Amino acid sequence: MARIFELHRNERGTISILTTFAMFMFTMLLLLIMNVALQVDDKVKMQNAVDAATYSGGVVIARGMNAIAFANHLEADVFAVTAFLREARDQNAASIVPQVLQAWVEAAALFGPAQFPKFIPLTSAIPPKAAMEQELVTAWSEMAASAAEFALPVFEYILGTPENEMSPAYDHLIPNFQRSVVSTIPQLSAEVTMEVALRHGLTAEEQRNLSQQLRNNPQAAAGDRGPQYGVLWRTSLYPVGGTDEDDPMTRTLPVVDPDPSGNDYYAVPDGPSYLARAQSRRNQLAHDYLNQWINDRDLRRGLGFFGDEAKMSQFQELFRIAACGQLNDLLNVEYPTTNVPFMLRSDIEQAATQSEINRILEEDYTFVGVAYRKHVNEMAPRMFVNPSDETADALTFSQIALFIPRSRFLFYNGSWVYYTYYFDQDTGMWIPVPHAYTDDWVNEWSLFNQNWMVKLVPATAASVPAILETQPGGMVDTRLPNLGNPAIQEINAISTH
């Protein structure tokens, strides 16, 4: 009985009870901190994954654009080489050279009675020089004709059957290659985006044991949380590599095939305009390449040597005229509407206002990548619950831009600038005009520029919220958030990416 009366006065063990409660509270606080850290760490990892996946998919698209641009140049060069070899085969220019040189020989006699002593030696010097030039022209023409006999059929095969011989559709190799790029690159980009996202969602052990199981059963290969999917979107709310890649107005690569024998010509608002611009650029490029071939000083390839050392024959200019005739026949008679270069869907350099430029950039050259995965499991799940996990899965997003880089400034000869001068009639003085040293590369925003690149940019596209609420389909089955139609500014206010 005495012990019962002493119970309310006995304080031994009180600290143990307080310690138990304190440890319980500290344990809950520790779990809370660890859960927050776990969610933040997962967010960072998913953001890194979507950045890597989006950039990797964008690099594939940029390479596709560069491949089409390269093929556009190759197409013009093939026309130039074909014209060069046809003239080498036909030898129209070589057949005129004897008459030119004979005129020189006949004119040589006129220098004999000249009043000026320096002209008199020409009477004996011109005939042997004419004979040597004729020998050079004959030897070069025979060599070029032999080369044409071997190589010309190859280039004519590349160009395909001429239109005036009722050529079948898609008989031309270079446009065929470009069409394959247009149809293949989006699917390849989508697969690269998915693959990078999947691999970022695996542990080091799972990476080492990665096998075909990831493709056959991603759920089993990626643990309890399931796989981490990545999808690259166009701002038109279509996934890259979707089912609409045949439509030139909505496909991933913003390019149009202006060939009337293809589908794009009739699917764009103004097919003849695309064709006319393509023909104009092809004509310019082909003639530029032909002149480069003719001006080459290596006698095995060009005729630059004749312009410096065998000017009497005028063989270089005669060959240029004849080869240009061959080229014009190829461009305007045999292949007027086929083997034409691909063109950009929207010509940004023709845009009248900055708002129009911004619209084109967002519609045709902006892509949004999204990574999807189940939320990370909480520690002490009965005690702590992630409210986001109740209605939607985790996702992160990123944006890339396809672009042509500007030339970089260079420090050259101890300065960043150089000067040119013009004469001012009013002041009678030469006025200096400064110019910056820059890299010597093309800045033209077109499919004749092979410098297409991609970069990660802030996600500011107006369609980002709609993309986040759109089911990607395919192998990706995820619970999407209901964002309530927010503006992109509101999304950026709550999501640092």
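Q: Which residue takes a positive phi of about 90° just after α4?
A: Heads-up: this is a predicted model, so local features need pLDDT of at least 70, side-chain atom pairs count only at pLDDT 80 or more, and totals for chains, interfaces and linings use all residues. Residues are numbered from 1 along each chain as its sequence is written, and side-chain values use heavy atoms, with hydrogens and water left out. Helices (H or I, at least four residues) and strands (E, at least two) are DSSP runs, numbered from the N terminus. The residue with the positive phi right after α4 is Gly160.

Q: What does helix α4 span between its end C-alpha atoms?
A: The expected span of a helix is 1.5 Å times one less than its number of residues. For the 38 residues of α4 (122-159), a straight helix would give 56 Å. Between its end C-alpha atoms, α4 spans only 49 Å.

Q: At which residue does the kink in α4 lie?
A: The bend at a residue is the angle between axes fitted to the seven residues ending there and the seven starting there. In α4 there's a kink of about 45°, shortly before the proline Pro153. The kink lies at Ala151.

Q: Arg86 forms a salt bridge with which residue?
A: The structure holds 16 salt bridges (a side-chain nitrogen of Lys or Arg within 4 Å of a carboxyl oxygen of Asp or Glu). For Arg86, the closest N and O atoms are 2.6 Å apart, and the partner is Glu334. Arg86 sits in helix α2 (residues 14-90) and its partner in helix α12 (residues 315-334), so the pair ties together parts that are 248 residues apart in sequence. Both are buried (under 20% relative accessible area, with exposed over 50% and partly exposed in between, 1.4 Å probe, protein chains only), Arg86 as well as Glu334.

Q: Are Glu356 and Arg359 buried or partly exposed?
A: Their side chains meet in a salt bridge at 2.5 Å, N to O. Glu356 and Arg359 are separated by about one helical turn because they lie 3 residues apart in helix α13 (residues 354-364). Glu356 has 29% relative accessibility, and Arg359 has 35%, so Arg359, too, counts as partly exposed.

Q: What is the strand order of the open sheet of 4 strands?
A: Strands pair if DSSP finds at least two bridges between them, and here the pairing is antiparallel. β1 and β8 (453-457) stand at the edges with a single partner strand each, so one side of each is left without a neighbour in the sheet. The order is β1-β4-β5-β8.

Q: Which residue in β5 stands opposite Ala371?
A: Strand β4 (residues 366-373) and strand β5 (residues 394-403) pair in the antiparallel sense over 8 bridges. Opposite Ala371 in β5 stands Thr396.

Q: What is the angle between the planes of Phe315 and Phe319?
A: A whole-structure search finds 14 aromatic pairs. Rings of Phe, Tyr and Trp (its six-membered ring) pair if their centres lie within 6.5 Å; planes under 30 degrees apart count as stacked, over 60 as edge-to-face and the rest as tilted. Phe315 and Phe319 are both buried. Their pair is edge-to-face, with centres 5.9 Å apart and planes at 65°.

Q: How many residues apart in sequence are the parts that Tyr365 and Trp452 tie together?
A: Tyr365 and Trp452 form a stacked pair, 5.8 Å centre to centre with 10° between the planes. Both Tyr365 and Trp452 are buried. Tyr365 lies in the loop between α13 and β4 and Trp452 in the loop between β7 (429-436) and β8, so the separation in sequence is 87 residues.
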